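Welcome, and thank you for opening the viewer. Please load the model, switch on a cartoon view, and keep the selection tool at hand for the stops that follow.

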Amino acid sequence: MTRGTSVRHPLAGLTRDFHRIGPLASPVEPGMAAELDQHATDVCRAIDGSGTGLTAHSLGTYLHGFLDGCLERGWDSEAVEYDWETLRILAICRLAKERGFVR
């Protein structure tokens with residue numbers, strides 16, 4: 001396991017789940033890759049703007065806050081299409097994998 005990330009960490013569980021069911025399990029089409037890249041850039045900017053660097057902890061904190069906001073707005077993840085929120089979550093998962101925060 002990568003330093004600092006336990007199997008109970010929200011990044012680990014969510015990334016594992018999205019890897020099994022989402023486009024992280026296989027190569028993504030160029031259009032979706034571009035959208036995920038833009039979301040990842042926005043997430044990194046938000047975390048850097050808060051005065052912390054991108055770490056497993058800061059990304060997990062961002063994810064927790066993002067999911068709380070989604071639930072408060074009544075977001076439903078049962079949609080067939082990849083909506084904005086789902087793409088943001090996928091980008092967070094991809095960032096976690098690319099940075100070695102989760103396996």
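Before the first stop, a word on how axes are drawn: they are lines fitted to C-alpha atoms, for helices over the stretch in contact, and the angles run from 0 to 180 degrees between N-to-C directions. Helices (H or I, at least four residues) and strands (E, at least two) are DSSP runs, numbered from the N terminus. This is a predicted model, in which local features need pLDDT of at least 70, side-chain atom pairs count only at pLDDT 80 or more, and totals for chains, interfaces and linings use all residues. Residues are numbered from 1 along each chain as its sequence is written, and side-chain values use heavy atoms, with hydrogens and water left out.

**The whole chain**

Start with everything shown. The chain has four helices and zero strands, and reading along the sequence gives the pattern α-α-α-α. Of its 103 residues, 43% count as buried; buried means under 20% relative accessible area, exposed over 50%, and partly exposed in between (1.4 Å probe, protein chains only). Contact, a word you will meet at each stop, means heavy atoms within 4.5 Å. Among contacts between residues at least 6 apart in sequence, 69% join residues at least 24 apart.

**Stop one: H2 and H4**

Select residues 30–49 for helix H2 and residues 84–98 for helix H4. At what angle do the axes of H2 and H4 cross? They cross at roughly 75° and come within 8 Å. That makes H2 roughly perpendicular to H4. The cut-offs for such words are these: angles under 35 degrees count as roughly parallel, over 145 as roughly antiparallel, 65 to 115 as roughly perpendicular, and the rest as oblique.

Now show side chains where the two helices meet. On H2 the contact includes Met32, Ala33, Leu36, His39 and Val43, while on H4 it includes Trp84, Leu87, Leu90, Ala91 and Leu95. By class, the residues of this contact of H2 with H4 divide into 12 nonpolar, one polar and five charged. Here Ala, Val, Leu, Ile, Met, Phe, Trp, Tyr, Cys and Pro count as nonpolar, Asp, Glu, Lys and Arg as charged, and the others, Gly among them, as polar.

Stay on H2 and pick leucine 36, which lies in this helix. Is leucine 36 buried or exposed? It is buried, with a relative accessible area of 0%. Not counting residues up to four places away in sequence, leucine 36 touches Leu87, Leu90, Ala91 and Arg94. Its C-alpha atom is separated by 9.2 Å from that of isoleucine 89, although the two are 53 residues apart along the chain.

For a contrast, pick glutamine 38, also found in H2. Glutamine 38 is partly exposed, at 42% relative accessible area. From its C-alpha to that of alanine 91 is 8.5 Å, with their positions 53 residues apart in sequence.

**Stop two: H3 and H4**

Add residues 56–72, which form helix H3. H3 and H4 pack at an angle of about 165°, with their axes 11 Å apart. That makes H3 roughly antiparallel to H4. Among the residues in contact are Leu59, Tyr62, Phe66 and Cys70 of H3, together with Trp84, Ile89, Ile92 and Ala96 of H4. The tally for the contact of H3 with H4 is 11 nonpolar, no polar and two charged.

Next, centre on leucine 95, which has its place in H4. At 3% relative accessibility, leucine 95 counts as buried. Leaving aside its neighbours within four places in sequence, leucine 95 is in contact with Ala40, Val43, Cys44, Leu54 and Leu59.

**Stop three: H2 and H3**

Hide H4 for a moment. The axes of H2 and H3 come within 11 Å and cross at roughly 105°. That makes H2 roughly perpendicular to H3. Val43, Ala46 and Ile47 in H2 meet Ser58, Leu59 and Tyr62 in H3. This contact of H2 with H3 has five nonpolar, one polar and no charged residues.

**Last stop: two cysteines**

Finally, select cysteine 44 and cysteine 70. Cysteine 44 counts as buried at 16% relative accessibility, and cysteine 70 is buried at 0%. How many disulfides does a search of the whole structure find? It finds zero, a disulfide being a pair of cysteine sulfur atoms within 2.5 Å.
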